[in-house]
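Reader: Hi, I have a model open here and would love a quick tour. Could you walk me through it in plain words?

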Amino acid sequence: MIVVDNIVKQFGGFRAVDGASMEIAKGSITGLIGPNGAGKTTLFNVVAGVLKPTSGRVTMDGEDITGLPPHTLFHKGLLRTFQIAHEFQTMTCRENLMMVPGAQSGETLWNTWFGRRRIADEERALKAKADEVLEFLTIEHLADHKAGQVSGGQKKLLELGRTMMVDAKIVFLDEVGAGVNRTLLNTIADAIQRLNTERGYTFVVIEHDMDFIGRLCDPVICMAEGKVLAEGTLAEIKANDHVIEAYLGT
Ligand code: ADP
């Protein structure tokens, strides 16, 4: 689905990503691991259009998407989750979902003659969709809570929920598990698994928690010093001498 071909991203004279290549298969949950500073987040940002690569190419279903801005990729179904911005923290969880750009209730918009009524209908349908997403993520009880007041893990679920308001095909998740307790981490893992099997989402996941990676991801790709070191199941990766060396060297 996604082919990353020899991507280089340079900051000044420093190559954060130094010729990384990988393929992300449709329907997979691919894990991206590696020691701090390996270039994982930078590569994510290049693929998701947040950063332009110094050189190299990214294709999605055969189409060259290198350097396209995030909103264009968003419309193609390629999404990177983002932390909930400061100004959205005072809105409720439900409102946060309803605000996702491009979110539509799924009803046709033919009836512009009825103006106000149509807008009210549309809003009702969007609200219903947001409630459905909250229920899927088992946080329906937080619908009217302000986003800034829910826990770190619940915020992660909400970030995932925003991808469900649009027609996502592939979602890039950066450290979903960071600072999240075990119970919520399991809920997040379940949600990812269900989105994958029931809705056909493809995922690429950066995560340090190896239990989480082992439970969800196949294949796992390990990066170090801007390059791809190894790819395989987590067991294969853990047994790889280059990988062991890279982790011990940090
Ligand atoms: P990872 O996600 O694997 O921890 P990053 O992609 O965040 O790695 O960072 C890779 C390297 O690039 C690090 O050494 C980091 O300091 C550097 N880096 C990341 N972003 C920038 C930037 N905007 N300017 C300069 N250096 C950066």
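Author: Happy to. One term to begin with: a polar contact is a pair of N or O atoms within 3.5 Å, where within protein one must be able to donate a hydrogen and the other to accept it, and residues adjacent in sequence count only if both atoms are side-chain atoms. Between domain 1 and domain 2, one residue pair is in polar contact, both at pLDDT 80 or more.

Reader: Thanks! Anything I should know about the model and the numbering?

Author: This is a predicted model, where local features need pLDDT of at least 70, side-chain atom pairs count only at pLDDT 80 or more, and totals for chains, interfaces and linings use all residues. Residues are numbered from 1 along each chain as its sequence is written, and side-chain values use heavy atoms, with hydrogens and water left out.

Reader: Which residues belong to domain 1 and domain 2?

Author: Domain 1 covers 2-77 + 167-248, and domain 2 covers 87-151. Those bounds come from an automatic or database domain assignment. The C-alpha centres of the two domains lie 29 Å apart.

Reader: And how many residues of each are in contact?

Author: Eight residues of domain 1 are in contact with seven of domain 2, contact meaning heavy atoms within 4.5 Å. The buried area between the two domains is about 600 Å², with carbon and sulfur atoms giving 66% of that. Buried area here is the accessible area (1.4 Å probe) that two parts lose on being put together, summed over both.

Reader: Which three residues supply the most on the domain 1 side?

Author: Phe74, Arg194 and Arg199, which supply 52% of the area that domain 1 buries against domain 2, more than any other three residues. Helix 6 (residues 182-199) gives the most to that side of domain 1, with seven residues. Helices (H or I, at least four residues) and strands (E, at least two) are DSSP runs, numbered from the N terminus.

Reader: How many salt bridges are there between domain 1 and domain 2?

Author: Zero. The structure as a whole holds 11 salt bridges, a salt bridge being a side-chain nitrogen of Lys or Arg within 4 Å of a carboxyl oxygen of Asp or Glu.

Reader: Can you show me one?

Author: Sure. The side chains of Lys76 and Glu63 form a salt bridge, at 2.9 Å from N to O. Lys76 lies in the loop between helix 2 (70-75) and strand 6 (78-80) and Glu63 in strand 5 (residues 63-64), so this pair ties together parts that are 13 residues apart in sequence.

Reader: What does helix 6 pair with? Arg182, say?

Author: Arg182 meets Asp209 in a salt bridge, 2.7 Å from N to O. Arg182 is in helix 6 and Asp209 in the loop between strand 8 (202-206) and helix 7 (210-216), so parts 27 residues apart in sequence are tied together. Arg182 is partly exposed, with a relative accessible area of 47%, whereas Asp209 counts as buried at 17% relative accessibility. The cut-offs are under 20% relative accessible area for buried, over 50% for exposed and partly exposed in between (1.4 Å probe, protein chains only).

Reader: And which residue does Arg215 bridge to?

Author: Asp190, with the closest N and O atoms 2.7 Å apart. Arg215 lies in helix 7 and Asp190 in helix 6, so that pair ties together parts 25 residues apart in sequence. Elsewhere, salt bridges that share partners join Arg15, Asp18 and Lys227 into one network.

Reader: Switching topic: is Val58 buried or exposed?

Author: Val58 is buried, with a relative accessible area of 1%. Val58 sits in strand 4 (residues 55-60). Its C-alpha atom is separated by 7.0 Å from that of Ile2, 56 residues apart along the chain. Leaving aside neighbours within four places in sequence, Val58 is in contact with residues including Ile2, Val3, Ile7 and Val47.

Reader: Nice. What about Leu234, where is that?

Author: Leu234 is in helix 8 (residues 234-238) and is buried at 12% relative accessible area. Leu234 and Val220 are 14 residues apart in sequence and 5.9 Å apart in space, C-alpha to C-alpha.

Reader: Last one: where is Asn196?

Author: Asn196 is found in helix 6 and counts as buried, at 14% relative accessibility. Leaving aside neighbours within four places in sequence, Asn196 is in contact with Gly27, Ser28, Ile29, Tyr201 and Phe203.
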